[in-house]
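Hello,

Here is the structure I promised to pass on to you. Please have a look at it first, and then read my notes below.

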Amino acid sequence: MNDSTSTTAVCESGRSHSMTRGAHGPVGTSFKHEHLAAIHVDGLKDGFFEVHAENYMGAGGPPHRALAAIREDYRLSIHGVCMSIGGPGALDAAHLARFRELVTRYEPMLVSEHLAWSSHGGKFFNDLLPLPYTKETLENVCEHINQVQEAIKRPILLENPSTYVAFASSTISENEFIRAVVQRTGCGLLLDINNVFVSATNHGFSAEAYLDEFPLEHVGEIHLAGHSEQRDDEDEPLLIDSHDCAISDSVWSLYRDLVARIGPRPTMVEWDSNLPAWPALRTQALSARQIMAEQEMPLAGEASRAG
Amino acid sequence: MRAENVSCGYATAFAPGLTDPSITVPEDVVAAPGKRVVKRYNVYRNNVTVSLIDALAAVYPAIQRITGVDFFRAMARFHVRATPPTSPLLFEYGRDFPAFIETYEYAREMPWLADTARIERAWLDAYHAADLPVLTAEALAEIDPVSLAETRFRPHPTARVVRSPYPAVAIFAMNRTDGPVTPLRSSEAQDALVTRTEHEVLVSRLPDGGATFLSHLLEGASLGEAVAVALQEAPSFDIQANLAGMLSAGAFTGVHVQRGD
């Protein structure tokens with residue numbers, strides 16, 4: 001691995017990556033090609049767009065053209081979905097190389113991956129699958145994250161999972177596990193509040209209590225998304241992390257409380273299927289911006305309402 | 001690559017049931033106290049199967065339109081379970097699907113379906129292929145006419161030839177869009193050239209001998225060799241028309257003169 005070329009890549013481009021500090025954390029949405037024309041007409045000022053890394057791992061063609069077009073005007077977040085960081089096997093070296101190439105090429109503001117696995121035994125399952133939390137899996141996850149961070153020469157944000165099952169063999173709580181990963185690897189965290197709410201409902205714990213224990217000081221990005229509801233074996237709600245509808249009131253409420261506690265953070269609205277027209281997605285992002293603005297400047301907010 | 005020191009147990013136990021509904025939930029997989037785990041594990045089974053069927057539907061929209069959604073999803077479900085992806089890049093998935101369609105019992109009355117699928121697969125490969133300039137007529141004109149027979153062409157990464165004994169190009173074109181489907185009376189063989197202009201993938205129907213001609217050029221044969229085999233296959237093979245067609249479609253990125261021994 002050639003250290004010198006990788007570390008200087010950002011400087012050579014001359015592009016500025018300074019985040020918009022001050023008034024509020026930037027807000028973003030999933031980037032879908034269907035929305036590109038509408039974004040050009042009425043975009044997301046000072047915002048950012050997030051893409052799934054794997055969709056841009058082809059050699060060329062329209063996907064890269066669309067991503068380059070949005071990169072002209074906006075900062076990017078590259079969100080890996082398939083690295084299988086939580087898997088027991090070695091990381092896929094070819095996939096890691098593609099990931100590094102993408103990060104080098106598009107110089108995103110944020111880079112993230114999941115605490116989950118998706119490949120095993122030569123098969124790719126296209127889902128974010130759960131893992132037991134043990135000393136052994138902790139070591140393995142840390143090794144994988146170190147490997148990714150070494151490859152891309154920057155820390156990643158690790159996303160907390162939404163889960164439907166747990167493992168009898170787990171010996172560590174999810175929060176303890178995540179905290180230990182942060183301490184050992186220096187990675188940051190992508191806090192997905194919808195995932196917290198989904199998991200809390202599915203496992204019968206308090207989302208607020210989970211957030212109380214979460215290493216909030218390491219959160220570099222927040223995800224918001226919609227979920228759908230099924231029924232479990234006892235005919236009680238089983239929430240699915242579906243990203244196919246508007247953010248629920250419960251998730252907005254958790255978000256509002258969180259921002260009041262930790263201040264603004266880059267916040268991204270995920271919407272991956274059953275896509276709305278761009279204005280509807282934009283409105284969700286602007287709602288997040290509004291919440292951050294209210295928490296940041298309560299007095300100004302009062303004054304403008306009074307006037 | 002270094003050896004991993006963690007036991008594979010949890011993934012080895014969790015994975016098989018994802019694509020095989022007859023396998024029960026692994027012992028270590030649990031729900032909250034007082035809750036059963038079956039429907040919860042089934043969320044993962046469902047996510048895997050449905051998302052991979054969706055992935056095939058995204059690669060093969062014309063096939064889904066021809067067969068109808070229910071037929072397509074049933075067919076795709078068999079394939080997904082028998083042949084899950086090996087790569088996390090889903091746009092690479094489904095290369096074996098046309099061959100699977102050929103063996104799929106319920107698709108036997110649609111013998112042209114597999115070739116139509118092959119055009120769709122080539123379409124997606126062209127869509128994601130590398131961006132390179134296309135060979136222009138001007139560049140070709142610079143070749144000394146004396147050397148023309150020895151000329152070889154560098155394939156453009158988007159270029160693919162798909163041959164079919166069925167009117168696969170017409171079937172593809174009619175079903176790839178939302179436009180009306182009209183009865184197809186022709187049963188002629190149709191060969192396709194798939195390429196990409198700057199903005200869109202092109203599927204062109206090749207004239208007689210064209211597929212043989214282009215396949216040979218794509219594999220590195222000289223122009224003289226390719227013309228000879230094309231004429232052998234189709235005495236009506238028109239060199240000028242085929243050269244013009246391959247240039248305007250952008251099938252090649254460069255040209256060089258190299259004598260074959």
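The notes below go through the chain contact, then chain B, and then a pair of helices in chain A. Please keep in mind that this is a predicted model.

**Where the chains meet**

Chain B brings 44 residues to the contact, and chain A brings 46. On the side of chain B that touches chain A, the elements giving two or more residues are α1 (9-14), β1 (29-30), α2 (38-59) and α6 (113-128). The largest share there comes from α2(B), with 11 residues. Sorted by class, this side of chain B holds 30 nonpolar, six polar and eight charged residues.

There is also strand pairing between the chains. Strand β8 of chain A (residues 166-167) pairs with β1(B) over two bridges, in the antiparallel sense. A:Phe167 has B:Val29 of β1(B) as its bridge partner.

**Inside chain B**

The domain assignment splits chain B into domain 1 (8-110) and domain 2 (130-261). Their C-alpha centres lie 36 Å apart.

Chain B also has an open sheet of three strands, ordered β3-β4-β5 and paired antiparallel. Because β3 (160-162) and β5 (201-206) of chain B stand at the edges with a single partner strand each, one side of each has no neighbour in the sheet. On average, neighbouring strands of this sheet are turned by 25° against each other, direction ignored. Between β4(B), residues 191-196, and β5(B) there are six bridges, and the two strands run antiparallel. One of the pairs can be named: B:Leu193 has B:Ser204 in β5(B) as its bridge partner.

Two helices lie across strands of this chain. Helix α8 of chain B (residues 168-175) lies across β4 and β5 of chain B, running at about 145° to β5(B). Helix α9 of chain B (residues 210-218) lies across β3, β4 and β5 of chain B, and runs at about 145° to β3(B).

**A helix pair in chain A**

How do helices α7 and α9 of chain A cross, and at what angle? The axes of α7(A), residues 193-203, and α9(A), residues 249-262, come within 9 Å and cross at roughly 120°. The two helices are therefore oblique to each other, and α7(A) passes α9(A) in a right-handed crossing. From α7(A), the contact is made by A:Ile193, A:Asn194, A:Val196 and A:Phe197, and from α9(A) by A:Ser250, A:Val251, A:Leu254, A:Tyr255 and A:Leu258. Seven residues of this contact are nonpolar, two are polar and none is charged.

Best wishes

Note on methods: Residues are numbered from 1 along each chain as its sequence is written. Chains are lettered from A and ligands numbered from 1 in the order in which they are written. This is a predicted model: local features need pLDDT of at least 70, side-chain atom pairs count only at pLDDT 80 or more; totals for chains, interfaces and linings use all residues. Axes are lines fitted to C-alpha atoms, for helices over the stretch in contact, and angles run from 0 to 180 degrees between N-to-C directions. Helices (H or I, at least four residues) and strands (E, at least two) are DSSP runs, numbered from the N terminus. Angles under 35 degrees count as roughly parallel, over 145 as roughly antiparallel, 65 to 115 as roughly perpendicular and the rest as oblique. A crossing is left-handed if the near helix is turned anticlockwise from the far one by less than a right angle, and right-handed if clockwise. Two residues are in contact if their C-beta atoms, placed from the backbone, lie within 7 Å. Ala, Val, Leu, Ile, Met, Phe, Trp, Tyr, Cys and Pro count as nonpolar, Asp, Glu, Lys and Arg as charged, and the others, Gly among them, as polar. Domain bounds come from an automatic or database domain assignment. Two strands pair if DSSP finds at least two bridges between them.
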